[in-house]
2 protein chains.
Amino acid sequence: MTRSRNTEQKIFDAATELFLEKGVDRTSVREIATKAGINLALMNYYFRSKENLFNAIFSSLVKKNSEELIRILDSDLSLEEKIRQYVEVYIDMLSENPLLVSFVMAILHRSRERITEMKAISNLYATEKFTQQVLEEGKKGNINRTDPSQLFVDMLSLIAFPFAIKMLVIDKNNFSNKDFADFILERKKRIPDMLIEMLRKKS
Amino acid sequence: MTRSRNTEQKIFDAATELFLEKGVDRTSVREIATKAGINLALMNYYFRSKENLFNAIFSSLVKKNSEELIRILDSDLSLEEKIRQYVEVYIDMLSENPLLVSFVMAILHRSRERITEMKAISNLYATEKFTQQVLEEGKKGNINRTDPSQLFVDMLSLIAFPFAIKMLVIDKNNFSNKDFADFILERKKRIPDMLIEMLRKKS
DNA sequence: GTCGTTTTTAAACGCAGTTTAAAACAAAAA
DNA sequence: TTTTTGTTTTAAACTGCGTTTAAAAACGAC
């Protein structure tokens, strides 16, 4: 018998498991309380609301996963190598953590106006260093000049959206889960190739 | 079997307006009933559930908008021209109907497993004709051989995802709504250019 | 052991979507 | 016209949700 964790942790852990397993909306507070073995009202005592509990869990999940992504963007790699690594790591992260996608979708759908309040999600966006690098390489003539915002949105879209429409892709192509995994795997090469080809100066 | 089409229509119209205005989740059945000027229980009488009402509205909205997209994919245009038109029309459609995006997000988030049941959403995906065209042009050597599924997912991602992360983009770039509209407008050229550049055979 | 604070509890609140059973209604049958 | 039949509408209640309340219990410092 392990030493009993404190109540807050028990709620956090039970909720995380349930949220990932069946989605936020389909998980009731009463269910969380039962699984955590605590009284119903304690969820509101420790986290002010279910929404808040969700945010706490999401933030921790994003934080854990986004550090490596930011490290890549802020590194001194060449733009090409940076894009290749970023795409690869991001895709790995979403592959291993498919429910992170659900979480992000839930957030984007849930609070479109209040998205800036979700500081965590910002960690999944471009950094200043990346922006500067794109501008400078363009100025130096190493790549085509391009709006860094557009480039980053391109990259993010190509990486993330296929996960969001996973079921649609599976259905339309009669894919097995393995097929879909292979489909995604191929994108690790495809996406950087496409982006870099776009940036390459034509003579 | 002659139902008063009047009441059903009133519910449908009121719900459509409210769903688009404030989102499905933030619209209560009681609110719909009030706006439609009907009794609360009639929503369940005509549509079995709120979820079902949502599906009916969504299907009609998608149907109305997707016909032109399918017509383009099934046309006899060249692949390049087809891509250009498809991107342009799709972006226009999402721009003019930003809540279609919310709807799609809601669906993707709501029922990831049961997505095939939502036949309407299939209308937003590739057609057989498009797939064949990509394969044939590749075989003929007019373009690089490429997996049509990948190409279509690329295109769809680049078109749709920026709308999904609209608030994030606005926040990160300190955009006004006009700025965002311009940002999207630029993608009408950028996306086809990128895709066609990828398909162009290099000598 | 007492006091003040923190934690836990049972119960209830308000709102959501939904169901029920009776009433109102319209059109066909007598 | 009156009766019957089936559809449409209604008020009320049901279940389950997230949340709040106020009192009880547990705890820690003195």
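Helices here are DSSP runs of H or I with at least four residues, numbered from the N terminus. The structure described below is a predicted model.

**The surface near DNA strand C**

Three helices each supply at least two residues of the surface near DNA strand C: α3 (42-46) of chain A, and α2 (29-36) and α3 (42-46) of chain B. The most is given by α3(A), which contributes three residues. By residue class, this surface holds eight nonpolar, six polar and two charged residues. Of the 16 residues around the strand, those that come nearest are A:Thr7 and A:Tyr46 from chain A, together with B:Val29, B:Arg30 and B:Lys50 from chain B.

On the side of the nucleic acid, sugar or phosphate accounts for 51% of the atoms of DNA strand C that lie within 4 Å of the protein, and bases account for the rest. Polar contacts with phosphate oxygens of the strand involve both protein chains, as the following table sets out.

| Residue | Protein atom | Distance to a phosphate oxygen of DNA strand C |
|---|---|---|
| A:Tyr46 | side-chain N or O | 2.6 Å |
| B:Val29 | backbone N or O | 2.6 Å |
| B:Thr27 | polar backbone atom | 3.5 Å |

A:Tyr46 thus appears both among the residues that come nearest to the strand and in a phosphate contact made through its side chain. B:Val29 is likewise one of the nearest residues, but its phosphate contact is made by a backbone atom. B:Thr27 also uses its backbone.

**Domains of chain A**

The domain assignment divides chain A into domain 1, residues 1-47, and domain 2, residues 57-199. The C-alpha centres of these two domains are 31 Å apart. Contact between them involves seven residues of domain 1 and five residues of domain 2. The size of an interface is often expressed as the accessible area lost when its parts come together. Between domain 1 and domain 2 of chain A, about 630 Å² is buried, and carbon and sulfur atoms give 76% of this area. Within domain 1, the residues that lose the most area to domain 2 are A:Phe12, A:Leu20 and A:Val24, which together make up 69% of what that side buries.

**A buried serine in helix α4**

Helix α4 of chain A spans residues 50-73 and includes A:Ser66. Is A:Ser66 buried or exposed? Its relative accessible area is 1%, and because the limit for a buried residue is under 20%, A:Ser66 counts as buried. Leaving aside residues up to four places away in sequence, A:Ser66 touches A:Asn123 and A:Leu124.

Methods:
Residues numbered from 1 in each chain as written. Chains lettered and ligands numbered in written order. Predicted model: local features only at pLDDT ≥ 70, side-chain atom pairs only at ≥ 80, totals over all residues. Heavy atoms only, no water. Near = heavy atom within 4 Å. Polar contact = N/O pair within 3.5 Å; in protein donor to acceptor, adjacent residues only side chain to side chain. Nonpolar A, V, L, I, M, F, W, Y, C, P; charged D, E, K, R; others polar. Buried < 20%, exposed > 50% of the residue type's maximum accessible area, 1.4 Å probe, protein only. Contact = heavy atoms within 4.5 Å. Domains from an automatic or database assignment. Buried area = accessible area lost by both parts, 1.4 Å probe.
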